[in-house]
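Grab your viewer and work through a few exercises on the structure below. Each one sets a task and then walks through a solution.

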Amino acid sequence: MELGLESPSDVRRLLPPGGAQEPARAPLDPGSLRCLFLDLFGRPPFEAERAIWIGKPRSEVVDSALGTLEFWRTWLDEQLFYFLLIDNFRPATEGVQALPAQLAEGSIGALEALHRICLSSSFDRRNPGPDTFVTVVMEQLLGLEVQRITRELEIGKKVYDGGRGTFLGRSGSSQADVVHIAIEDRRAPRHLLSREYERWTRQAPSEQDLSAWSTVLERDPLAMRSILRAWLLSRAYDARLGTRVPQPNRLFIRALYVDLLGRVPDEGEAERLRSALDGLANSGPLRSLVARLMLDSGKVPLPGRSSIPDATAWIAGLFERLLGRSPRAAELAAFCEAFADPACRPATVMYAIISHPEYQTW
Amino acid sequence: MTILDRRRFLQAGAWSASVLGLAPLGAQAFPRNRTQRLIVVAMAGGVRTRETFGTPDNVPNLMRIAQQGVVYPRARASNLGHFGATLSIFTGISEARGIRDNARGTDPTLFEYVRKDLGLAASEVWVSTSGGVQEANVSYSLHPDYGARYGANTLDGDGLFNAEFKHLLDTYGRPAEMDADELALLQKMRASMGSQDGSSHEDADAAARVERFLMDELRRGTQDLKGLGAADAKAFRVARNLLAVFRPRFLAIVARDADQAHGSFNNYVQILRRNDEMLGELWDAVQSDRELADSTALLLLPEFGRDADLNSRRGLDHGDGSDDLNYVSLVCVGPDFLRGESVQEEVRTIDVCNTACALMGAEPRYARGKRLPRLMA
């Protein structure tokens with residue numbers, strides 16, 4: 001059963017000492033809303049969502065998001081990427097496919113979701129053989145440096161092969177036991193919370209906080225939602241909103257589709273583009289190429305020059321929507337001057353913003 | 001100062017510093033040599049010597065290439081997972097990394113040493129891989145003195161050059177050509193936003209060349225390479241085309257398909273044979289170009305081997321601690337190397353980094369390997 005941490009006082013129990021505050025009540029500006037949506041849903045808000053949420057407190061968006069299928073789909077995608085279960089290794093089994101719905105309705109906990117992922121045939125195919133399988137379980141689920149505990153690895157390999165052994169302090173005799181034992185190890189919730197906190201807030205948790213959250217998650221396997229809520233309303237998340245880092249390719253693709261085409265890419269489109277962009281250490285040139293192809297394809301709903309009565313307002317609106325901020329005076333002047341030239345198309349203006357490094361951060 | 005002048009200068013500097021006791025002897029470049037370009041092939045899916053030099057029929061091209069150079073049949077490797085062990089080749093440090101780690105290392109790579117010390121542009125240092133998202137991390141480290149600004153261009157042929165991706169791009173058609181006026185306006189708008197990535201005009205030009213290469217490569221049909229071992233085959237084919245277009249000073253190929261050995265020994269052997277064909281194609285392309293033939297060296301090695309015995313699926317894992325796993329064969333061929341030699345002395349896979357740096361005139365400041373013995377003619 002969930003902790004039911006819905007009130008501010010309940011939330012405070014999960015917040016770091018000294019970092020506690022009332023749930024974020026400051027009205028969301030376009031930039032914060034864009035970042036929050038990218039974090040929660042792996043995409044920027046659609047136009048209708050911007051209209052609803054700009055000016056509302058962060059807590060309202062967070063509370064609305066945490067029960068949705070889309071949020072947990074995004075969460076699951078992040079976990080699958082963490083295990084590098086992508087492309088041909090993406091699990092297609094019903095057990096894994098059902099996870100977002102079960103997580104959204106609160107009938108399954110985050111650790112149990114990882115458990116199911118690691119028992120999937122895709123995980124087995126991705127990590128073939130006892131050495132690879134046991135090593136990955138120890139590293140990815142528990143955060144262990146296997147080279148320092150090779151004896152445990154050897155026992156795990158024996159268990160994987162069907163032999164009886166005491167792996168991580170518990171008896172087992174099968175490949176599935178290797179996963180069960182790891183999931184039930186106290187280091188599993190701790191490692192999950194540590195990496196997740198860092199993903200959401202871009203900072204490492206303190207030992208004290210990590211211990212407190214781990215205890216909560218051990219006591220209540222369904223507490224991840226409440227813990228996430230607390231993180232998203234914390235000062236640490238405020239601080240995260242003040243930072244910008246380069247977007248991973250998978251996020252860039254989804255943002256580009258929403259911003260240009262007004263839809264999220266389907267799974268095939270997203271995987272193909274991500275796989276291509278991930279194939280380059282510097283994906284900048286290919287990102288630009290994809291953006292240009294889309295802009296020039298005729299599929300992007302761009303206004304004609306003649307249907308833009310107020311170029312200044314149109315350009316300022318693009319900055320706000322695509323970058324989450326108003327243009328600076330010099331930028332607005334330069335863009336307006338350029339757009340006054342007949343050689344500059346509306347697509348050129350869009351391309352200037354989208355191909356700029358700032359657009360590719362969040 | 002031209003690149004060559006700078007290189008001479010750096011080599012002289014390294015020699016002077018060493019004589020004066022300011023730099024370790026290992027940091028010295030080899031004496032002046034003809035090697036101007038280097039290709040490092042990491043057969044990074046785990047390959048035993050038994051299926052290569054132990055079964056010459058599997059690798060006729062490797063055999064003919066090796067006869068022209070030096071073979072080290074006892075190159076000590078560490079089973080650090082494919083990613084960690086591959087990274088070790090390029091950093092010269094045994095990297096204990098998680099098998100599914102998807103992050104850059106902290107130790108500078110060979111590419112960073114070479115680019116920084118020789119002042120090479122990004123377009124002169126390339127990595128062609130088949131390993132997907134993880135392998136892009138080998139291109140540069142997070143080391144504060146090195147990092148992205150000295151990284152290699154990395155290109156995963158299988159991710160980029162596949163029919164589905166091409167089809168996806170085709171659905172959007174071709175981008176409209178920008179005339180000079182529009183391009184100038186675009187640059188003006190972008191300039192008003194500041195170049196937050198610190199990119200220069202030279203970087204922009206290099207990016208445009210890469211963009212053109214990608215489009216051309218999609219037209220050349222690399223995506224039509226299919227079947228078992230196609231990802232590796234694309235890595236080799238892309239590498240060959242990179243040589244022709246960019247004529248890079250440093251080119252690495254990371255081939256990962258051999259790891260299918262876990263599930264099938266037969267597939268593993270078929271992949272080795274296909275890789276051998278592609279290697280032959282690459283080497284013949286080098287040899288048929290007089291400039292490249294006279295100036296290009298090749299170092300080829302697996303990151304580690306595989307188990308001595310088949311597993312229950314009639315495949316080969318990697319984790320038994322046997323000599324089959326821990327020792328691999330390293331092949332070095334180039335205009336300055338001895339020919340037809342086999343050096344029985346034990347060396348390490350991490351020695352590739354120090355040797356490559358010495359050949360190119362760079363200093364691997366943090367690497368812990370050594371220069372390969374009995375290599376130079």
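**Exercise 1. Work out how strand β6 of chain B sits in its surroundings.**

Keep in mind throughout that this is a predicted model.

Step 1. Start with burial: β6(B) spans residues 296-302 and is mostly covered, with seven of its seven residues buried.

Step 2. Now split the strand by side-chain direction. Thr296(B), Leu298(B), Leu300(B) and Pro302(B) point one way, Ala297(B), Leu299(B) and Leu301(B) point the other, and both sets are buried.

Step 3. Look for the strand partners. Strand β1 of chain B, residues 37-43, runs parallel to β6(B) and is joined to it by seven bridges. Strand β7 of chain B, residues 327-333, runs antiparallel to β6(B), with three bridges between them.

Step 4. Pick Leu299(B) and follow its links. Val40(B) has Leu299(B) as its bridge partner in β6(B), and Cys332(B) in β7(B) stands opposite Leu299(B).

**Exercise 2. Find the largest nonpolar core and say which pieces feed it.**

Step 1. A bit of background: in soluble globular proteins, nonpolar side chains tend to be buried together.

Step 2. Here the largest nonpolar core holds 208 residues, and Leu299(B) from the previous exercise is among those with the most contacts inside it, along with Val137(A), Ala182(A), Ala42(B), Val114(B) and Ala356(B).

Step 3. Ask which element gives the largest share: that's helix α9 of chain B (residues 230-246), with ten residues. Chain A's domain 1 and domain 2 each put in at least three residues as well.

Step 4. Zoom in on Ala182(A). Once you ignore neighbours within four places in sequence, its contacts are Val137(A), Met138(A), Leu141(A), Leu142(A), Leu168(A) and Ala188(A).

**Exercise 3. Describe how the two domains of chain A meet.**

Step 1. Set the bounds: domain 1 covers 8-65 + 188-241, and domain 2 covers 249-354.

Step 2. Take the centres over C-alpha atoms, and you get 29 Å between the two domains of chain A.

Step 3. Count the contact residues: domain 1 of chain A gives nine and domain 2 of chain A gives ten. On the domain 1 side, those residues break down as five nonpolar, two polar and two charged.

**Exercise 4. Characterise chain A's side of the interface with chain B.**

Step 1. Count both sides: 49 residues of chain A touch 50 residues of chain B.

Step 2. List the helices of chain A that supply at least two residues each to this side; among them are α10 (130-142), α18 (267-278) and α19 (284-295), plus α21 (329-340) and α22 (346-354). The largest share comes from α19(A), with eight residues.

Step 3. Sort chain A's side by class, and you find 24 nonpolar, 13 polar and twelve charged residues.

**Exercise 5. Check two non-glycine residues with positive phi. Are they buried, partly exposed or exposed?**

Step 1. Take Asp87(A), where phi is near 55°, a positive value in a residue other than glycine. You'll find Asp87(A) in the loop between α5 (69-82) and α6 (94-97) of chain A.

Step 2. Next comes Arg202(A), not a glycine either, with a positive phi of about 65°. Its spot is the loop between α13 (187-201) and α14 (207-219) of chain A.

Step 3. Apply the burial cut-offs: 20 or more C-beta neighbours within 10 Å means buried, and 12 or fewer means exposed. Asp87(A) has 15 such neighbours, so it counts as partly exposed. Arg202(A) has 16, so it counts as partly exposed.

Notes: Residues are numbered from 1 along each chain as its sequence is written. Chains are lettered from A and ligands numbered from 1 in the order in which they are written. This is a predicted model: local features need pLDDT of at least 70, side-chain atom pairs count only at pLDDT 80 or more; totals for chains, interfaces and linings use all residues. Helices (H or I, at least four residues) and strands (E, at least two) are DSSP runs, numbered from the N terminus. Two strands pair if DSSP finds at least two bridges between them. Domain bounds come from an automatic or database domain assignment. Two residues are in contact if their C-beta atoms, placed from the backbone, lie within 7 Å. Ala, Val, Leu, Ile, Met, Phe, Trp, Tyr, Cys and Pro count as nonpolar, Asp, Glu, Lys and Arg as charged, and the others, Gly among them, as polar. A nonpolar core is a set of buried Ala, Val, Leu, Ile, Met, Phe, Trp, Tyr and Cys residues joined through C-beta atoms within 7 Å.
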